[in-house]
Amino acid sequence: MKRLALLLALSAPLAAQAGESGLVVFHGKCTRCHGADGRGKAIFNTPSMLTSKLSAAEMEQVIANGRAKMPAFKAQLAPDEIKAVAAFIKAELKP
Ligand code: HEC
């Protein structure tokens with residue numbers, strides 16, 4: 001948790017300059033359905049991201065365009081933010 005707080009503190013000023021970082025996007029827009037650990041929430045029927053078979057590029061498609069109950073984010077997030085959040089999920093939420 002300490003590490004997360006530090007990362008958030010470090011990434012906030014950067015986010016203001018270069019679009020929001022993957023971590024900031026994830027915590028701002030994704031955790032309410034996917035959980036802070038990415039394991040999913042039964043109430044939203046979200047799959048665990050830790051065991052996802054999707055590549056980063058495939059995740060970008062789902063994030064941009066949505067799928068079933070997963071909302072589309074292309075109107076809310078810039079393409080580099082979608083890339084950043086997919087990269088964050090692949091790099092940081094692995095078991
Ligand atoms: C309103 C709830 C909700 C929000 C907010 C949400 N998701 Fe989802 N997400 C879902 C659901 C439900 C699914 C499963 C979709 C399905 O059944 O096909 C999903 C699926 C996914 C998948 C596919 C996982 C896989 O292995 O198939 C990815 C990637 C994903 N979400 C990323 C994100 C990201 C990144 C954000 C934030 C920008 C986000 N989601 C925000 C509900 C949400």
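**Ligand shell and nonpolar core**

The shell around the ligand comprises 14 nonpolar, four polar and four charged residues (nonpolar: Ala, Val, Leu, Ile, Met, Phe, Trp, Tyr, Cys and Pro; charged: Asp, Glu, Lys and Arg; polar: the others, Gly among them). The model is predicted: local features require pLDDT of at least 70 and side-chain atom pairs count only at pLDDT 80 or more, whereas totals for chains, interfaces and linings use all residues. Residues are numbered from 1 along each chain as its sequence is written.

Of the 22 residues around the ligand (C-beta atom, placed from the backbone, within 6 Å of it), Cys30, Cys33, Ser52, Ala68 and Met70 come nearest. Two or more shell residues are given by each of helix 2 (22-34) and helix 3 (56-65), helices being DSSP runs of H or I with at least four residues, numbered from the N terminus. Helix 2 gives the most, with six residues.

The largest nonpolar core has 13 residues, and Val25, Phe26, Ile82, Val85, Ala86, Phe88 and Ile89 have the most contacts inside it. Such a core is a set of buried Ala, Val, Leu, Ile, Met, Phe, Trp, Tyr and Cys residues joined through C-beta atoms within 7 Å; a residue is buried if 20 or more other C-beta atoms, placed from the backbone, lie within 10 Å of its own. Helix 2 and helix 4 (79-92) each give two or more residues to this core, the largest share, six residues, coming from helix 4.

In helix 4, Glu81, Ile82, Ala84, Val85, Ala86, Phe88 and Ile89 are buried. The buried residues of this helix pack against helix 2 and helix 3.

Terms used
A residue is buried if 20 or more other C-beta atoms lie within 10 Å of its own, exposed if 12 or fewer, and partly exposed in between; C-beta atoms are placed from the backbone. Two residues are in contact if their C-beta atoms, placed from the backbone, lie within 7 Å.
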